Amino acid sequence: MISINRIVLLQIFLVFFLSSFHKVKGGLFERSRVYIELFNDLGLNVTVHCKSGHSDLGSHFIQYPNGFYQFNFKPNAFGTSDYYCNFQWPNNFHWFDIYLFDRDHPHCGKCFWKIRPDGVCRLNYETKQYDLCYPWNSD
């Protein structure tokens, strides 16, 4: 009887585990696509280079005013998807973790960021303002 219960538990575990990799919408651990938009609010042009541990999105030039860069991805089933970006403009080089699963999931399905001289600010959907501000990361 005990070995039957173990087999049943193992089957249940395998169903849950395998459903996390299911390609069809509605899988148990299905993650929605995340959209990131970076708006240039520096007052001058900026070059942005974003990457994760698995994906390098390359360098992108964002003009001022009205310039932006956008990308999207699907967080992995393990909740470890993180993206960081380097920001470079004359006499400045900074970086920031633009998406951290632990910080941004699930409320950040569409993350709108403004790049500013002292850091980046994310759109707060409650206030409709860019008031969730973070300083640049330091090494």
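Q: In this model, do F73 and Y99 count as buried or exposed?
A: The model is a predicted one, so every statement here concerns computed positions. A residue counts as buried when its relative accessible area is under 20%. F73 falls in that class, and Y99 belongs there too, so the word for both residues is buried.

Q: How many aromatic pairs are there, and what is the arrangement of the rings of F73 and Y83?
A: The count of aromatic pairs in the structure comes to 13. In the pair of F73 and Y83, the ring centres lie 4.4 Å apart while the planes meet at 35 degrees. Planes under 30 degrees apart would count as stacked and planes over 60 as edge-to-face, with the rest called tilted. Because 35 degrees lies between those two limits, the arrangement of F73 and Y83 is tilted.

Q: Which strands hold F73 and Y83?
A: The two residues are ten places apart in sequence, and their ring pair ties together the parts of the chain in which they lie. F73 and Y83 are both buried. F73 belongs to one strand and Y83 to another, and these strands are β4 and β5.

Q: What is the arrangement of the rings of F73 and Y99?
A: The centres of these two rings are 5.0 Å apart, and their planes stand at 75 degrees. F73 is in strand β4 and Y99 in strand β6, so this pair ties together parts that are 26 residues apart in sequence. Since planes over 60 degrees apart pass the limit, the arrangement of F73 and Y99 is edge-to-face.

Q: Which residues form one aromatic cluster?
A: F73 pairs with the ring of Y83, and F73 also pairs with the ring of Y99. These three residues belong to one cluster together with two others, and its full list is Y69, F71, F73, Y83 and Y99.

Q: Which strand gives the most residues to the largest nonpolar core?
A: In soluble globular proteins, nonpolar side chains tend to be buried together. The largest nonpolar core here has 25 residues, and I36, L38, V48, F87, I98 and I115 are those with the most contacts inside it. Strands β1, β2, β4, β5, β6 and β7 each supply at least two residues of this core. The strand that gives the most, with four residues, is β5.

Q: What is the handedness of the disulfide between C50 and C85?
A: The sulfur atoms of C50 and C85 are 2.0 Å apart, and the two residues form a disulfide. This pair links distant parts of the chain, with C50 in strand β2 and C85 in strand β5, 35 residues apart. The torsion about the S-S bond is about 105 degrees, so the disulfide is right-handed.

Q: Does C133 count as buried or partly exposed?
A: C133 forms a disulfide with C121, and because C121 lies in strand β8 and C133 in strand β9, the pair ties together parts that are twelve residues apart in sequence. C121 is buried, with a relative accessible area of 4%. For C133 the relative accessibility is 44%, which lies between the limits of 20% and 50%, so C133 counts as partly exposed.

Q: What is the separation in sequence of R116 and D41, which form a salt bridge?
A: Side chains of opposite charge can pair when their charged atoms come close. In the salt bridge of R116 with D41, the closest N and O atoms are 2.9 Å apart. R116 lies in strand β7 and D41 in the loop between β1 and β2, so these distant parts of the chain are linked across a separation of 75 residues.

Q: Which residues are joined with R103 into one network of salt bridges?
A: The side chains of R103 and D104 meet in a salt bridge, with a distance of 2.9 Å from N to O. D104 is buried at 0% relative accessibility, whereas R103 is partly exposed with a relative accessible area of 23%. Salt bridges that share partners build the network, and the residues joined with R103 are D104 and R122.

Q: Over the ring of which residue does the charged end of R103 sit?
A: Besides its salt bridge with D104, R103 has its charged end placed over a ring. The distance from that charged end to the ring centre is 5.3 Å, and the ring belongs to Y134.

Methods
Residues numbered from 1 in each chain as written. Predicted model: local features only at pLDDT ≥ 70, side-chain atom pairs only at ≥ 80, totals over all residues. Heavy atoms only, no water. Salt bridge = Lys/Arg side-chain N within 4 Å of Asp/Glu carboxyl O. Buried < 20%, exposed > 50% of the residue type's maximum accessible area, 1.4 Å probe, protein only. Disulfide = S-S within 2.5 Å. Core = buried A, V, L, I, M, F, W, Y, C linked by side-chain atoms within 4.5 Å. Phe/Tyr/Trp six-rings, centres within 6.5 Å; stacked < 30°, edge-to-face > 60°. Lys NZ or Arg CZ within 6 Å of the ring centre and 35° of its normal.
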